[in-house]
Amino acid sequence: MARRPRPKVVTLTDAAAAQVRDLLADKGAGMLRVGVKNAGCAGMEYTMEITAEAGPMDEIVEQDGARVMIAPMAQMFLFGTEIDYQTSLLESGFRFNNPNVAEACGCGESIKFKDQVA
């Protein structure tokens, strides 16, 4: 019996994939590393950094020529997340459509995940 492919931890919209490709081309690096850290008024924040190499436990997602690496600690928090890139008159940036988020602060910079809610 053939094994089904494992689902991706995250998916990218076309706009996010294009932005990741552009960022990596500008920096000459291989991947965008996405993670989470303890910070902000709601408890946690997303992190993003450009890196050349993946760690042994990092999950690599390749989509439409964009390479995104998910840090080990973040994988359980980001499973099922769609990463988008939006531009408006006032701001532009990545947006995380994450089904695992229970609460977000008013500024939208920090989040609390469902398993963190006390």
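**Exercise 1.** Which residues of H1 are buried? Work with the predicted model and describe how the helix is oriented.

*Solution.*
Step 1. Start with the dimensions: H1 has 14 residues, and the distance from its first C-alpha to its last is 20 Å, close to the 20 Å expected at 1.5 Å a residue.
Step 2. List the residues of H1 that are buried: Ala 16, Ala 17, Val 20 and Leu 24.
Step 3. Look down the helix axis. The buried residues of H1 fall within an arc of 100 degrees, so they line one face of the helix.
Step 4. Turn to the face directed away from that buried side, where the exposed residues Asp 14, Ala 25 and Asp 26 are found.
Step 5. Inspect the chain just after H1: Gly 28 has a positive phi of about 70 degrees there.

**Exercise 2.** Place H1 in the overall order of elements, then identify what it supplies to the largest nonpolar core.

*Solution.*
Step 1. Count the elements: the protein chain has two helices and nine strands.
Step 2. Read their order from the N terminus, which is β-α-β-β-β-β-α-β-β-β-β.
Step 3. Take the largest nonpolar core, a set of 25 residues. Those with the most contacts inside this core include Val 20, Ile 70 and Phe 94.
Step 4. Assign the core to elements. Among those that each supply at least two residues are strand E1 (10-12), helix H1 (14-27), strand E2 (31-38) and strand E9 (111-113). H1 gives the largest share of this core, four residues.
Step 5. Set this against the whole chain: 35% of its 118 residues count as buried.

**Exercise 3.** Is Ala 71 buried or exposed? Locate the residue and name its contacts from elsewhere in the sequence.

*Solution.*
Step 1. Find Ala 71 in the loop between strand E5 (66-70) and helix H2 (75-78).
Step 2. Apply the cut-off of under 20% relative accessible area for buried residues. The value for Ala 71 is 11%, so Ala 71 is buried.
Step 3. Leave out residues up to four places away in sequence; Ala 71 then touches Arg 33, Val 34, Gly 35 and Asp 58.
Step 4. Check one of these pairs: Val 34 is 37 residues from Ala 71 along the chain, and their C-alpha atoms are separated by 6.2 Å.
Step 5. Examine Ile 70 with the same exclusion of residues up to four places away. Its contacts include Val 34 and Asp 58, as well as Val 10 and Leu 78.
Step 6. Finish with the chain as a whole: among contacts between residues at least 6 apart in sequence, 52% join residues at least 24 apart.

Methods:
Residues are numbered from 1 along each chain as its sequence is written. This is a predicted model: local features need pLDDT of at least 70, side-chain atom pairs count only at pLDDT 80 or more; totals for chains, interfaces and linings use all residues. Side-chain values use heavy atoms; hydrogens and water are left out. Buried means under 20% relative accessible area, exposed over 50%, partly exposed in between (1.4 Å probe, protein chains only). Contact means heavy atoms within 4.5 Å. A nonpolar core is a set of buried Ala, Val, Leu, Ile, Met, Phe, Trp, Tyr and Cys residues joined through side-chain atoms within 4.5 Å. The expected span of a helix is 1.5 Å times one less than its number of residues. The arc is that of the directions from the helix axis to the C-beta atoms.
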